[in-house]
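The following paragraphs guide a reader through a single protein chain. Please keep the sequence and the model in view while reading.

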Amino acid sequence: SVCMLQIRETIRLAEVCDISAGHTARSGLEVAAEGGLLAAQLGDVRAGRPIEADALGRYQLAGLSDRFMARPGDVLFRSKGVPSTAAIVSPVCHEAIAVFQPLMILRPKVDEVLPDYLVWAINRPVAQRYFRASAQGTTIRSVSKSALEDLPIPVPSLNGQKMIGSAYHLSLREADLLRELADKSELLTSLMLSNLTKE
């Protein structure tokens, strides 16, 4: 638990990472028959799950500015809709990814905050309550860049951040395994009931 670690201070998110908005697409994206750029959109960001290259589409995006490109280790944030969660661009992704609004790109200052820890800090319940309180819009919730920049986050030592990041990933893996087990149990029960009805 973060409360058991030595916290140096609680600071604004903008102090430990650079934040920029994704590109605004003026028209529908054109799927690339070959080549093209990997692109991340709103549905590609799932809380805590790394964004992998093989799960993204490739599109014709000639001339897109570097400021709209996320690098491995960057964090993408869902600024619109519910939940307002974040995910890391997988460190093993070997190319930059084009990012489209309403996603935002967070580039951690790694001498201050680690990407995995940053994802945990944004996805934790207290941060989600902050986003709910500061969100704009009634039909579709939207978190402004300034509200994201002002998110207060605790900053333990880098070793403490590594511990929290590792524990967070283990908890997500456990949740995935439990869902997989529940699905297989349901399938097994269904097959057993199906066989019984045939007798």
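How many salt bridges does the count come to? The model examined here is a predicted one, and in it the count comes to three salt bridges. Each of them is described below, after an outline of the chain.

The chain has 199 residues, of which 39% count as buried. Its accessible surface amounts to about 11400 Å², and carbon and sulfur atoms account for 54% of that area. Four helices and ten strands are present. Followed along the sequence, these elements give the pattern β-β-β-β-β-β-β-β-β-α-α-α-β-α. Contacts often link distant parts of the sequence: among those between residues at least 6 apart, 77% join residues at least 24 apart.

The salt bridges may now be taken in turn. Side chains of opposite charge can pair when their charged atoms come close. In one salt bridge, the side chains of Arg12 and Asp150 meet at 2.8 Å, N to O. Arg12 belongs to strand 1 (residues 7-12), whereas Asp150 sits in the loop between helix 3 (145-149) and strand 10 (152-156), so the pair ties together parts that are 138 residues apart in sequence. Both ends have some access to the surface: Arg12 is partly exposed, with a relative accessible area of 33%, and Asp150 is partly exposed at 39%.

Another salt bridge joins Glu95 to Arg58, with the closest N and O atoms 2.7 Å apart. Glu95 lies in the loop between strand 7 and strand 8 (97-99) and Arg58 lies in strand 4, so this pair ties together parts that are 37 residues apart in sequence. Glu95 counts as partly exposed at 30% relative accessibility, and Arg58 is partly exposed at 31%.

The remaining pair consists of Arg107 and Asp74, whose closest N and O atoms are 2.6 Å apart. Since Arg107 is in strand 9 (residues 103-108) and Asp74 is in the loop between strand 5 and strand 6, the pair ties together parts that are 33 residues apart in sequence. Arg107 is partly exposed at 23% relative accessibility. Asp74, by contrast, has a relative accessible area of 3%; because this is under 20%, Asp74 is buried.

Strand 4, which holds Arg58, also belongs to a sheet. This open sheet has four strands in the order 4-3-8-5, with mixed pairing. Strand 4 (57-59) and strand 5 (69-70) stand at its edges, each with a single partner strand, so one side of each is left without a neighbour in the sheet. Strand 4 runs antiparallel to strand 3 (residues 37-40), and three bridges join the two. Within this pairing, Leu37 has Tyr59 of strand 4 as its bridge partner.

Attention now turns to the interior. The largest nonpolar core contains 30 residues, and those touching the most other members are Leu13, Phe77, Leu106, Leu118, Ile122 and Ile153. Helix 1 (residues 115-123) gives the most to this core, with six residues. A second, separate core has 14 residues, including Leu56, Ala70, Ala87 and Cys93. Leu106, a member of the largest core, touches residues that include Leu13, Phe77, Leu118 and Ile122, and also Asp74.

The aromatic side chains form three pairs. One of them joins Phe77 and Phe131 in a tilted arrangement, 5.1 Å centre to centre with 45° between the planes. Phe77 lies in strand 6 and Phe131 in helix 2 (residues 125-134), so the pair ties together parts that are 54 residues apart in sequence. Both Phe77 and Phe131 are buried. Together with Tyr130, these two residues form one aromatic cluster.

Another aromatic pair lies within helix 1, where Tyr117 and Trp120 are three residues apart and thus separated by about one helical turn. Their ring centres are 5.4 Å apart and their planes stand at 35°, so the pair is tilted. Tyr117 is buried with a relative accessible area of 0%, and Trp120 is buried at 15%.

A last stop is Thr85, placed in the loop between strand 6 (75-78) and strand 7 (86-88). Is Thr85 buried or exposed? Thr85 has a relative accessibility of 5%, and therefore counts as buried. The residues it touches include Val45, Ala47, Phe77, Asn123 and Gln128.

Note on methods
Residues numbered from 1 in each chain as written. Predicted model: local features only at pLDDT ≥ 70, side-chain atom pairs only at ≥ 80, totals over all residues. Heavy atoms only, no water. Core = buried A, V, L, I, M, F, W, Y, C linked by side-chain atoms within 4.5 Å. Buried < 20%, exposed > 50% of the residue type's maximum accessible area, 1.4 Å probe, protein only. Contact = heavy atoms within 4.5 Å. Areas by Shrake-Rupley, 256 points an atom, 1.4 Å probe, with all protein chains shown as cover. Pairing = 2+ DSSP bridges. Phe/Tyr/Trp six-rings, centres within 6.5 Å; stacked < 30°, edge-to-face > 60°. Salt bridge = Lys/Arg side-chain N within 4 Å of Asp/Glu carboxyl O. Lists of a residue's contacts leave out its neighbours within four places in sequence.
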